[in-house]
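Work through these exercises on pockets and cavities with the model open. Each task is followed by a stepwise solution.

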Amino acid sequence: MTFRPADDLNRYLRGHVFVDETKTRDYVVAAATLPAGKVAQARKALRGVLLPRQDRIHFAKEKDAYRDRVLHVMCGLEVQVTLYIAKTRDQRAGRAACLTAVVEDVLKDRAAHLVIERDESLMRSDLELISDLLYPVTDKPAYRLDVPRSEPLLWISDAVCWCYQRGGRWIDAARPLVVEVRHLVV
């Protein structure tokens with residue numbers, strides 16, 4: 001075993017967090033966290049299950065057999081997902097509550113990176129919210145709003161959100177990935 005200096009080990013262990021949401025019923029946000037040292041391997045594994053001519057995985061549009069295959073691969077990754085649920089019809093308030101809780105957890109866990117799936121219609125308000133939350137923090141995580149085509153690890157959050165909202169056997173299929181479900185008051 002090779003020993004790394006404490007700083008290298010800390011960078012290796014600090015999480016990268018990937019966030020997506022669903023608005024079907026409740027406002028549900030999934031934050032998938034991977035150790036920094038496992039990010040490249042996880043991206044490669046997910047790109048490896050893409051179908052021909054497919055540039056991303058979007059669970060709402062996939063067939064059940066393919067969903068099962070993708071979930072099997074995801075469950076083999078070193079990933080932990082936290083679900084944030086805001087029971088509200090006001091999507092902006094639900095998103096703000098969920099993103100605030102995500103950023104608070106990112107800071108508490110000292111995550112190194114935060115990637116949120118970009119919603120063009122909410123991009124400005126998302127950036128303002130994140131900037132306001134991180135303003136007083138000295139050891140800020142790097143953060144960006146990104147699209148699923150360029151960031152495969154957003155597919156994990158998409159899958160878990162879809163499974164949770166779909167219910168039934170899909171919740172059971174995603175359960176190995178989920179470490180916590182937080183119900184938020186809006």
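**Exercise 1.** Identify the residues that lie nearest the centre of the second largest pocket, then describe its lining.

Solution. The model is predicted.
- Step 1: T22, H58, A60, D158 and W162 lie nearest the centre. The lining has 13 residues.
- Step 2: Assign elements. β1 and α6 (154-166) each give at least two lining residues. α6 supplies five, the largest share.
- Step 3: Sort by class. Six lining residues are charged, four polar and three nonpolar.
- Step 4: Add the volume, about 200 Å³.

**Exercise 2.** Describe the largest pocket: its volume, its lining and the elements behind that lining.

Solution.
- Step 1: The volume is about 320 Å³.
- Step 2: Of 18 lining residues, T33, Q80, T82, D109 and V179 lie nearest the centre.
- Step 3: Two or more lining residues come from each of β1 (15-22), β2 (27-35), β3 (80-86), α4 (91-108) and β6 (178-184).
- Step 4: By class, nine are nonpolar, five charged and four polar.

**Exercise 3.** How many cavities reach 30 Å³ or more, and which residues line the largest cavity?

Solution.
- Step 1: Apply the cut-off of 30 Å³ or more. One cavity counts.
- Step 2: The largest cavity has a volume of about 30 Å³.
- Step 3: Its lining consists of V19, D20, E21, V29, R95, L99, I116 and E117.
- Step 4: β1, α4 and β4 (113-117) each contribute at least two of the lining residues. The largest share, three residues, belongs to β1.
- Step 5: The classes are four nonpolar and four charged, with no polar residues.

Technical notes
Residues are numbered from 1 along each chain as its sequence is written. This is a predicted model: local features need pLDDT of at least 70, side-chain atom pairs count only at pLDDT 80 or more; totals for chains, interfaces and linings use all residues. Side-chain values use heavy atoms; hydrogens and water are left out. On a 1 Å grid over the protein atoms alone, a cavity is a set of points where a 1.4 Å probe fits but cannot get out, and a pocket is an open set with protein on both sides within 12 Å along at least five of seven lines; lining residues have an atom within 4 Å of a point. Grid points are joined across faces, edges and corners, and a volume is the space filled by probe spheres set on the points. Helices (H or I, at least four residues) and strands (E, at least two) are DSSP runs, numbered from the N terminus. Ala, Val, Leu, Ile, Met, Phe, Trp, Tyr, Cys and Pro count as nonpolar, Asp, Glu, Lys and Arg as charged, and the others, Gly among them, as polar.
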